[in-house]
Amino acid sequence: MNKNLKTSSRLKTDKPNSIQKFNHKNLLAISQLNQVEIVELLDRADEMAKVSLTPQNIIPSLKGKTQINLFFENSTRTQASFEIAGKRLGALVMNMNVQTSSLNKGETLIDTASTLNAMRPDVIVVRHSASGAVELLSQKVSCSVINAGDGSHEHPTQALLDALTIRRHKKRLNGLTVAICGDIAHSRVARSNLMLLNAMNVRTRVIAPQTLLPKGIENICAEVFTDMKKGLKDADVVMMLRLQHERTDGQLIPSAREFYHFYGLDKKKLSYAKPDAIVMHPGPMNRGVEIDPSIADGAQAVITEQVEMGVAVRMAVLNSLVGKSAHNNMGHNNMGHNNMGHNNMGQENE
């Protein structure tokens with residue numbers, strides 16, 4: 001349920017020189033960030049977004065630093081976003097091909113961590129299919145580690161970029177109503193977003209058929225609906241999630257067509273939300289399943305901007321953890337793995 005946390009007065013008005021040091025070695029989970037730290041990262045990302053629009057769009061704060069992207073799951077948006085973010089900060093970025101690595105020859109995750117640590121990177125960005133794997137790796141290396149999605153646990157930078165996109169359009173987070181719709185049961189994006197939005201005093205809702213609602217969802221969401229009309233009523237933000245066919249196996253929903261009929265976002269269903277509601281999607285989209293193409297490409301959709309803000313947020317996170325101006329707090333305040341409800345929520349390939 002939403003907690004009555006105090007609202008930060010710095011939500012939108014902070015200037016770069018008012019941002020405090022970010023006292024974390026790693027970014028593994030939204031659940032380890034407090035409200036002030038979330039706002040600080042969003043403020044930094046706002047500044048990075050401005051940098052990205054300049055002709056040079058480079059801040060060499062990571063010059064001389066080495067960034068390794070270690071993705072054990074397929075990814076297009078997230079890996080490319082982290083690569084561009086690192087390069088815009090001047091880092092030497094290496095994308096490790098797991099398919100051709102020693103992991104395919106029987107090497108364990110811990111052995112891989114030890115091998116990479118011997119190369120003395122400054123930051124490793126990790127995506128893994130198992131919850132907790134990224135935290136385990138972080139314990140075996142001396143550099144900073146960023147969670148780019150671990151199994152059913154979290155996807156912290158996705159939640160941050162979603163929050164930044166919302167804030168840029170609505171000028172605030174506090175007091176908004178955000179409805180997350182679709183395959184909640186298999187979504188680490190939903191989990192991270194709910195944690196962040198709750199921390200920022202947003203009224204959170206989830207909407208899905210009963211078979212796609214994880215056990216215990218009511219513990220991290222203010223309102224739970226199985227009806228789109230009721231769930232979308234007066235929503236400021238509508239966030240659609242991909243229906244993950246590879247994990248439903250035809251047992252959780254009768255068919256994609258029926259799912260679209262009841263839960264796919266079309267013009268009629270969107271009309272239940274506020275007239276100025278924005279439409280979001282973390283990608284990849286299944287057009288005609290969870291969202292109608294006319295809505296995905298319509299005036300209320302901010303899906304492309306989410307991609308743009310993804311680069312800005314990842315620049316902010318990288319700069320906060322290992323940038324030349326970052327507070328080097330190696331070995332302290334590691335951001336850890338929170339088990340609340342994660343056993344019932346799965347992963348996405350966004």
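Trainee: In what order do the five strands of the open sheet stand?
Mentor: This is a predicted model, with local features at pLDDT of at least 70, side-chain atom pairs at 80 or more, and totals for chains, interfaces and linings over all residues. Residues count from 1 along each chain as its sequence is written, and side-chain values use heavy atoms, without hydrogens and water. Strands are DSSP runs (E, at least two residues; helices are H or I, at least four), numbered from the N terminus. The pairing in this sheet is parallel (a pair needs at least two DSSP bridges), and the order is 7-6-5-8-9.

Trainee: Which strands are the edges of that sheet?
Mentor: Look for strands that pair on one side only. Residues 223–225 make up one of them and residues 278–280 the other. The edges are therefore strand 7 and strand 9.

Trainee: Let me zoom in on strand 5 and strand 8: which residue is the bridge partner of isoleucine 180?
Mentor: Strand 5 covers residues 177–181 and strand 8 covers residues 237–240. They run parallel and share four bridges. Within strand 8, the partner of isoleucine 180 is methionine 239.

Trainee: At about what angle does helix 5 run to strand 9?
Mentor: Helix 5 lies across strand 5, strand 8 and strand 9 (contact means heavy atoms within 4.5 Å). Angles run from 0 to 180 degrees between N-to-C directions, with axes fitted to C-alpha atoms, for helices over the stretch in contact. Relative to strand 9, helix 5 runs at about 165°.

Trainee: Helix 5 also meets helix 12; at roughly what angle do their axes cross?
Mentor: Helix 5 spans residues 156–170, and helix 12 spans residues 303–322. Leu160, Leu161 and Leu164 are among the helix 5 residues in this contact, and Met309, Val313 and Val317 are among those from helix 12. The axes come within 8 Å, crossing at roughly 120°.

Trainee: Now the sheet of four strands: what is its average twist from one strand to the next?
Mentor: This open sheet has the order 2-1-3-4, with parallel pairing. Its edge strands are strand 2 (92–96) and strand 4 (144–150). From one strand to the next, the twist averages 15°.

Trainee: Which residue of strand 4 is the bridge partner of valine 123?
Mentor: Strand 3, residues 123–128, pairs with strand 4 in the parallel sense, over five bridges. In strand 4, valine 123 finds its partner in serine 144.

Trainee: And which helix lies across strands 1, 2, 3 and 4?
Mentor: The helix you want covers residues 77–88. To strand 1 (66–71) its direction is at about 180°. Its name is helix 2.
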